[in-house]
Amino acid sequence: MTSITRRSFLSASALLAASSLAACGGNAPEEDSATLTVAASPSPHAEILSEFAAPLLAEQGITLEVKEYTDYILPNQDTTSGEVDCNYFQHLNYLNNYNEENGTDLVSVGKIHFEPMGVFAGKSSDLASIADGATITIPNDATNEGRALLLLQEQGLITLSEDAGITATPNDIVDNPHNINFIEQEAAMLPSTLADADFSVINGNYAIDAGLTLADAVAQESADSDVIRNEYANVIVTTPDKESDEKIAALVDVLTTDDFKAYLEETFGDSVQAAF
């Protein structure tokens, strides 16, 4: 009985030692790769993350999990709560406005791209010869409405007060020679109501979602504008405690390369352009 028990103990010890050696050796199962969860608008953001960034991050042992959102509020809320690690859907001006209105401290960790805003034809097609009383739909959010009105001012359709700037609203219009009727709508709705208006000023991401490109626009923002690059560059956003997170830094790195510039040009043409 004693000898059997002793042999059993030795066998168990040998098995334990072998298991320990295996755990230290090259035949041990690899650990699961680290996961980075990002909130994103469907297009172009989620598309960029899934098609371009995910394979490159996988090579570094990082699994990219993309959560798609169709609004501008929840991605920031979920980033603040920790539901996601970071987000990729908004431009700098929107981020600054969101923080101010909500008392949050979300931070940008990298400028990635910008999407020039365009004026698209609905019931009319000749913007230069716009009819008196024509209807133009514009975004109703604070950061994109002023941007849309500035674009229309550049086209000579309206004149804004000198101090209006990027926060302009229709109330800041001091000259409207064609008596244009401005209808404010949620940015996401603009493509679906385009046929009901003479023209619509549409954000780049929603235009892309609707199958529109800058080639379809009758007017567009200048891609060389410093205001566009500095205020409307789309950024990777996270919380201050994750500002130095290595996984997020890896994401920014893969999205700020010459290869990424080439991908944007090949995939989106002028509709999505590098901001770095």
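This tour moves through the internal spaces, aromatic pairs and backbone features of one structure, giving a selection at each stop. The model is predicted, and residues are numbered from 1 along each chain as its sequence is written.

**Stop 1. The largest cavity**

The structure holds two cavities of 30 Å³ or more. Begin by selecting Tyr 72, Phe 89, His 91, Asn 203 and Asn 205, which lie nearest the centre of the largest cavity. The lining of this cavity comprises 15 residues, and the space within amounts to about 140 Å³. To see which elements surround the space, display β3 (86-91), α5 (142-154) and α6 (204-209), each of which supplies at least two lining residues. Colouring the lining of the largest cavity by class gives nine polar, four nonpolar and two charged residues.

**Stop 2. The second largest cavity**

Next, select Pro 116, Met 117, Gly 118, Phe 120, Ile 202, Gly 204, Ala 207, Ile 208, Leu 212, Thr 213, Leu 214 and Ser 271, which line the second largest cavity. Two or more residues of this lining come from each of β5 (118-121) and α6. The largest share, three residues, belongs to α6. The second largest cavity contains about 50 Å³ of space. By class, its lining has eight nonpolar residues, four polar residues and no charged residue.

**Stop 3. Ser 271**

Keep the second cavity on screen and centre the view on Ser 271, one of its lining residues. Where along the chain does Ser 271 lie? Ser 271 belongs to the loop between α9 (258-268) and β13 (273-274). Is Ser 271 buried or exposed? With a relative accessibility of 6%, Ser 271 falls under the 20% cut-off and therefore counts as buried.

Now add the residues in contact with Ser 271, leaving aside its neighbours within four places in sequence: Phe 114, Glu 115, Pro 116, Ile 208, Thr 213 and Leu 214. A distance label between the C-alpha atoms of Ser 271 and Ile 208 should read 7.8 Å, for two residues that stand 63 residues apart along the chain.

**Stop 4. The largest pocket**

Turn to the largest pocket, which has about 300 Å³ of space. Of its 17 lining residues, select Tyr 72, Ile 73, Tyr 94, Asn 140 and Asp 141, the closest to the pocket centre. Both α4 (92-102) and α5 give two or more residues to this lining, and the largest share, five residues, is that of α4. The lining of the largest pocket divides into eight nonpolar, five polar and four charged residues. Tyr 72 also belongs to the residues that lie nearest the centre of the largest cavity.

**Stop 5. Aromatic pairs**

A pair of aromatic rings is described by the distance of the centres and the angle of the planes. The structure has ten aromatic pairs. Select Phe 52 and Phe 260 for a tilted example, with 5.1 Å from centre to centre and 55° between the planes. Because Phe 52 is located in helix α2 (residues 42-58) and Phe 260 in helix α9, this pair ties together parts that are 208 residues apart in sequence. Phe 52 and Phe 260 are both buried.

For another geometry, move to Phe 89 and Tyr 94. The ring planes of Phe 89 and Tyr 94 meet at 70° and the ring centres are 6.1 Å apart, so the pair is edge-to-face. Phe 89 and Tyr 94 are both buried.

Then extend the first selection to Phe 52, Phe 260, Tyr 263, Phe 268 and Phe 276, which ring pairs link into a cluster.

**Stop 6. A charge over a ring**

Select Arg 147 and Tyr 232. The charged end of Arg 147 sits over the Tyr 232 ring, at 4.2 Å from the ring centre.

**Stop 7. Two backbone features**

Most residues other than glycine have a negative phi, and most peptide bonds are trans. Two places depart from these patterns. Select Ser 43 and Pro 44: the peptide bond from Ser 43 to Pro 44 is cis, with omega near 5°. Pro 44 is part of helix α2.

Finally, select Asn 179, a residue other than glycine whose phi is positive, near 50°. Asn 179 is found in the loop between β8 (173-175) and β9 (181-185). Its relative accessible area is 54%, so Asn 179 is exposed.

Definitions and conventions:
This is a predicted model: local features need pLDDT of at least 70, side-chain atom pairs count only at pLDDT 80 or more; totals for chains, interfaces and linings use all residues. Side-chain values use heavy atoms; hydrogens and water are left out. On a 1 Å grid over the protein atoms alone, a cavity is a set of points where a 1.4 Å probe fits but cannot get out, and a pocket is an open set with protein on both sides within 12 Å along at least five of seven lines; lining residues have an atom within 4 Å of a point. Grid points are joined across faces, edges and corners, and a volume is the space filled by probe spheres set on the points. Helices (H or I, at least four residues) and strands (E, at least two) are DSSP runs, numbered from the N terminus. Ala, Val, Leu, Ile, Met, Phe, Trp, Tyr, Cys and Pro count as nonpolar, Asp, Glu, Lys and Arg as charged, and the others, Gly among them, as polar. Buried means under 20% relative accessible area, exposed over 50%, partly exposed in between (1.4 Å probe, protein chains only). Contact means heavy atoms within 4.5 Å. Rings of Phe, Tyr and Trp (its six-membered ring) pair if their centres lie within 6.5 Å; planes under 30 degrees apart count as stacked, over 60 as edge-to-face and the rest as tilted. A charge sits over a ring if NZ of Lys or CZ of Arg is within 6 Å of the ring centre and within 35 degrees of the ring normal.
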